[in-house]
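Open the model in your viewer and keep the sequence at hand. The tour goes from one selection to the next.

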Amino acid sequence: MRIIKTESIIDVVKDMCIKANIHLSQDMEDTIRKAAAEEDSKLGRQIMNQLCDNLDIAARDEIAICQDTGMAVFFVNIGQDVHLEGMNITDAINEGVRRGYKEGYLRKSVVSDPLLRVNTNDNTPAIIHYDIVPGDKLEITIAPKGFGSENMSRVFMLKPADGEEGVKEAIVKAVMEAGPNACPPVFVGVGLGGDFELSAELAKKALTRKAGEHSKLPHIARIEEEVLDTINKSGIGPGGLGGKTTALAVNIETYATHIAGMPLAVNMCCHVNRHVTVVI
Amino acid sequence: MEKHINAPFDKKQVKDLKAGDYVYISGTIYSARDAAHKRMYDAILASEYSDADGKTLYEKGVIPFDLTNNVIYYLGPTPAKEGQVIGSAGPTTSTRMDKYTPLILSKGLNGMIGKGKRGQAVIDSIIKDQAVYFAAVGGAGALLSGCIKESEVIAYDDLGAEAIRKMRVENFPAIVVIDCQGNNLYETAVEDYRNSRT
């Protein structure tokens with residue numbers, strides 16, 4: 001058994017919040033720059049170049065890539081041989097978010113009640129997904145999520161008879177309806193299977209996959225490629241103003257499901273697909 | 001076509017702007033997003049305003065700035081660091097302002113900067129009241145921040161990022177998406193691109 005003092009997590013989380021919002025990971029940045037070079041619409045290329053310049057300016061001036069610095073979403077994998085000692089881990093993560101969003105000059109975008117809508121002024125509470133895994137490590141991933149794209153996300157409760165074609169159609173439909181609203185080019189996170197809420201969680205988790213990687217399941221990897229191709233033939237393009245770069249990746253995560261169903265969730269993410277992972 | 005324009009601008013300028021124009025905006029614009037729109041909208045409806053005495057909503061103290069000829073930027077920036085004018089400052093999705101927009105346009109607003117589609121009621125108001133809808137590049141907040149040279153919160157300070165800011169911009173890049181004749185670049189540009197590939 002390994003003891004981890006939860007107080008030590010606070011500063012780690014604080015730094016993760018700031019880093020994720022200012023620097024895109026190298027794999028994401030490379031993907032965007034490659035797409036910019038290959039875009040064949042004049043206006044589309046101009047927009048892609050603005051996005052590349054934007055990444056440079058954000059890094060140079062240490063300013064957030066996008067003003068929507070999101071809700072702080074976490075995936076926390078706790079090794080079952082870890083003993084957490086001290087304050088509640090959820091409180092520690094929220095304290096890290098509080099400090100990170102203040103010290104990093106990030107936007108406080110959270111309201112405490114969906115109807116009363118009073119800003120909490122510190123971007124808490126975070127949304128935290130916990131999982132117990134083998135081992136004695138604590139792995140924390142932050143994926144700050146902007147809501148321009150989040151608002152265009154969908155859950156489809158498909159029928160088994162809808163099959164592969166139904167899956168492909170639903171993903172493409174979600175991206176087409178999102179159009180310019182989700183800040184294309186987008187990353188498309190898909191959760192297929194499980195139940196209602198697990199499909200949505202898988203869709204979000206799918207967005208944290210390294211750029212350029214496909215599902216390890218051959219039939220799913222093929223669908224990822226085919227759907228990406230269909231989306232990019234739509235012509236929606238950068239900013240929704242025409243071009244071949246509408247999506248940069250389609251990532252599908254799957255789980256077992258019920259004999260009667262085939263839940264499918266599509267979590268849209270703009271090109272600012274931010275995530276940072278730290279292992280303690 | 002590339003154009004340099006100054007804000008605020010009059011109806012003649014509105015008529016000169018065509019869907020597809022790439023513009024650089026200089027001058028004064030105001031930030032307002034969801035919560036500020038709701039507050040202005042509710043205040044206007046509650047005011048039982050009449051222009052019979054020739055006074056504007058602003059002059060009567062109903063709303064915090066004069067909409068006439070002005071441009072609203074759908075923006076909630078990140079906080080400014082020491083020595084900075086403003087933080088990251090890209091557009092938010094315009095669709096969420098659609099509920100409030102026809103009323104705001106009817107009170108004299110001439111331009112909106114945001115990103116994403118508008119509903120038919122907004123497009124109808126853009127034609128009826130002769131206004132223009134610009135898109136800025138979503139996600140380019142760090143770059144657009146550099147075009148904002150002065151920024152001051154003038155109202156609704158309690159809304160934090162959603163407060164109303166008066167801003168001086170220089171060569172702020174935007175694209176005319178919906179012009180005063182109702183031409184919509186989101187529809188035509190994708191169609192034109194598809195046709196150019198076949």
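How many residues of S9(A) are buried? Eight of its eight residues are buried, so select residues 262-269 of chain A to begin. Buried means under 20% relative accessible area, exposed over 50% and partly exposed in between, with a 1.4 Å probe and protein chains only. Helices (H or I, at least four residues) and strands (E, at least two) are DSSP runs, numbered from the N terminus.

This is a predicted model, in which local features need pLDDT of at least 70 and side-chain atom pairs count only at pLDDT 80 or more, while totals for chains, interfaces and linings use all residues. Residues are numbered from 1 along each chain as its sequence is written, chains are lettered from A and ligands numbered from 1 in the order in which they are written, and side-chain values use heavy atoms, without hydrogens and water.

Colour the two faces of S9(A): Met262(A), Leu264(A), Val266(A) and Met268(A) lie on one side, with Pro263(A), Ala265(A), Asn267(A) and Cys269(A) on the other.

Next, show S6(A), which pairs with S9(A) in the antiparallel sense over five bridges; two strands pair if DSSP finds at least two bridges between them. Val155(A) has Ala265(A) as its bridge partner. Then add S7(A), which is joined to S9(A) by six bridges, also antiparallel. Here Gly189(A) is partnered by Asn267(A).

Now select the whole open sheet, whose four strands run in the order S6-S9-S7-S8 (chain A) with mixed pairing. S6 (154-158) and S8 (247-257) of chain A each have a single partner strand, so one side of each is left without a neighbour in the sheet.
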